[in-house]
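I opened this entry to look up how the chains are built and where they touch. My notes follow in the order I took them.

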Amino acid sequence: MNQEIIEFIENTVGNKIENQEMDLLDQGILDSLEAISLIVSLEKKFTIKFSFADYSKPGFFSLTNIVETINKGKKQ
Amino acid sequence: MLFYLQAKYIAFYAAVLVPSLIIQYFNTASFAQKAKESLILLSSLFFLHFFLAVSFAHLSILMGLAISLFFTSKKGRSKIYLILSLVVLVLIFLFSKTIKTSSLQGHHHFFNVLGISYIILKFVHYLIDSKAGVIKEKSFLIFINFIFFFPTFIAGPIFRYQDFYEELSTTKKKDEIFSLIISGVKRIIIGMFKLIVVSKFTAPFAFFNLGPAFLLHSSFWGQVLYANIGMLNLYFNFAGYSDLAIGIGAILGIKVPENFNYPLLVRNLQDFWKHWHITLSNWMKNYIFFPFYKWLLEINNQKLSLNFISSLSLFLTFFLMGIFNGIGINYFLHGLSLASGVVVVFLWGNFLKKRNILKKYLAIKPIKLIATIMTINYFSFCVLFFDANTPEKLQLLFKIFKSYAE
């Protein structure tokens, strides 16, 4: 599952992401538009719902955080 | 003279900063922590009442609003509560802006509180983040301090409650306090330099300060130069006050967020807003752009193109950023020019991206230089509307534009 999420994000971003802790928004790999598009694509693909509390958190857009949030959402 | 240099302000800062330093230095007990929070709160209320002329009646209304929001905002509250509270806050915001605009036009109104826009932004942030469960730690005294914190009251930077809580509630080590004080003093000196030297020096040459007769007889390039100086004057003034806020905050042991990061070196308007009034940009991104863009993407069903949705969301966000300053034709045009500029930059970037030449384009140094110059000039053009805050100035601006159309 985790690998599937990572591959999905890497395909969307169009790059291999080496550092899983790095915030894609802060590093300029994603801009604000792409970040929200990614959220919506992830919601559709993995049938979960991100809350405002999730993606407004500073540093949310790292692979680790996104994977963790999706896994948490799947369990609920 | 700069108001910060008047004797009463210096006396006020001495009366606040010296006890605050003593408390920070001996801050080992929870009593000392409460003493510091109380000292900052009393100083803020004193500053608002005696220096910003916020009456007791206004302070009571704002305090009442803050108290009701603090005790009613929590996770799990119904959406109707959130929507109603937001509507009330937006109405207060619009009302205060209408009054401010008419005050500028020579009328005086009873309800005209300086810094009200920033208070509303903080209320909205607290309300939404509480409802979403983002705010975990709550303290009434820290919340009231967050709303009325005097160094950032008039012109920001805008704190996130979570960061302010962290800053005020954490006991810092002595070496950290010492380095904060040093950096605070440095920032105050830098801020004073921007305000006293650079801002004062550029003020006489700023566009509208030159007078209609001079401007109407100036060449195109002369007018461009004065518009740029006007923008620089605004920048150094605003950045100077931000430096003072950051410096005073640091001496109080509170790291105030940065508001500017070399905005005049960026290559386009989209980037510009990551470097100019950063805390307002972040607020707009979190509470206007993200929800609106996400909502459009969710309801779209591929009827509208992604380009259109993105442009619309960017336009709305930056238009609101422009009219945040007031209600009036000039602020409307300021918002319109900012928003149009950002959308054009976005569409141009997409055009290059689709042709797979964006990376090459971005790497060309002469283009970067031209892009930076264009960004500065376009923003200076937008600032002309911002500065045209009287009917006479707006008329003068239209007269100049008309002379080019003829």
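First, a cut-off I need for the helix below: I call a residue buried if 20 or more other C-beta atoms lie within 10 Å of its own, and exposed if 12 or fewer do. The model is predicted.

**Entry 1: helix H10 of chain B**

I asked how many residues of H10(B) are buried. I found 23 of its 32 residues buried, and thus H10(B) is mostly covered. I then took its span. From first C-alpha to last, H10(B) reaches 46 Å, close to the 46 Å expected for its 32 residues at 1.5 Å a residue. I looked at what comes after the helix. B:Gly253 follows H10(B), and its phi is positive, near 85 degrees.

**Entry 2: chain B overall**

I counted secondary structure next. Chain B has 17 helices and zero strands. I compared its radius of gyration with the globule rule: 23 Å against 22 Å for 406 residues, so chain B is as compact as a globular protein of that length. Along the principal axes, the C-alpha atoms fill a box of roughly 70 × 55 × 45 Å. Buried residues account for 37% of the 406 residues. I also checked contact range in chain B. Of the contacts between residues at least 6 apart in sequence, 71% join residues at least 24 apart.

**Entry 3: the two domains of chain B**

I noted the division of chain B into domain 1 (29-170) and domain 2 (261-405). Their centres, taken over C-alpha atoms, are separated by 29 Å. I then looked at the contact between them. Domain 1 of chain B puts in 15 residues and domain 2 of chain B puts in 10. On the domain 1 side, helix H4 (79-104) and helix H5 (116-132) of chain B are the elements that give two or more residues. Which of them gives the most to that side? I found H4(B) in that place, with six residues. By type, the domain 1 side divides into seven nonpolar, six polar and two charged residues.

**Entry 4: the largest nonpolar core**

I went on to the largest nonpolar core, which has 99 residues. Which members touch the most others? I read off B:Phe146 and B:Val342. Helix H10 (residues 220-251) of chain B brings the largest share of this core, 15 residues. Domain 1 (29-170) and domain 2 (261-405) of chain B each supply at least three residues to this core. I followed B:Val342 further. Setting aside neighbours within four places in sequence, B:Val342 is in contact with B:Leu269, B:Gln270, B:Leu314 and B:Phe318.

**Entry 5: helix H13 of chain B**

Two of those partners, B:Leu314 and B:Phe318, are also among the buried residues of H13(B). I therefore looked up this helix. H13 covers residues 306-323 of chain B. Its 18 residues reach 26 Å from first C-alpha to last, close to the 26 Å expected at 1.5 Å a residue. Other buried residues of H13(B) include B:Ser310, B:Ser313, B:Thr317 and B:Met321. What do the buried residues of H13(B) pack against? I found H2 of chain A, together with helix H12 (278-300) and helix H14 (329-354) of chain B.

**Entry 6: where chain A meets chain B**

H2 of chain A led me to the contact between the chains. I counted 12 residues from chain A and 13 from chain B. Helix H2 (32-46) and helix H3 (52-55) of chain A each supply at least two residues of the chain A side. H2(A) gives the most to that side, with six residues. I split the chain A side by type: seven nonpolar, four polar and one charged.

**Entry 7: two partly exposed residues**

I took A:Ile5 first; A:Ile5 lies in helix H1 (residues 2-13) of chain A. Buried, exposed or partly exposed? A:Ile5 is partly exposed, with 19 other C-beta atoms within 10 Å; the buried class starts at 20. Beyond neighbours within four places in sequence, A:Ile5 is in contact with A:Ile66, A:Val67 and A:Ile70. A:Ile5 and A:Ile70 are 65 residues apart along the chain, and their C-alpha atoms are separated by 8.6 Å.

I then placed B:Leu394 in helix H17 (residues 391-405) of chain B. B:Leu394 has 18 C-beta neighbours inside 10 Å, so I logged B:Leu394 as partly exposed. Outside four places in sequence, B:Leu394 is in contact with B:Ile329, B:Asn330 and B:Ala388. The C-alpha atoms of B:Leu394 and B:Leu384, 10 residues apart along the chain, are separated by 9.0 Å.

Note on methods: Residues are numbered from 1 along each chain as its sequence is written. Chains are lettered from A and ligands numbered from 1 in the order in which they are written. This is a predicted model: local features need pLDDT of at least 70, side-chain atom pairs count only at pLDDT 80 or more; totals for chains, interfaces and linings use all residues. Helices (H or I, at least four residues) and strands (E, at least two) are DSSP runs, numbered from the N terminus. The radius of gyration is taken over C-alpha atoms; the globule rule is 2.2 Å times the number of residues to the power 0.38. Two residues are in contact if their C-beta atoms, placed from the backbone, lie within 7 Å. Ala, Val, Leu, Ile, Met, Phe, Trp, Tyr, Cys and Pro count as nonpolar, Asp, Glu, Lys and Arg as charged, and the others, Gly among them, as polar. The expected span of a helix is 1.5 Å times one less than its number of residues. Domain bounds come from an automatic or database domain assignment. A nonpolar core is a set of buried Ala, Val, Leu, Ile, Met, Phe, Trp, Tyr and Cys residues joined through C-beta atoms within 7 Å.
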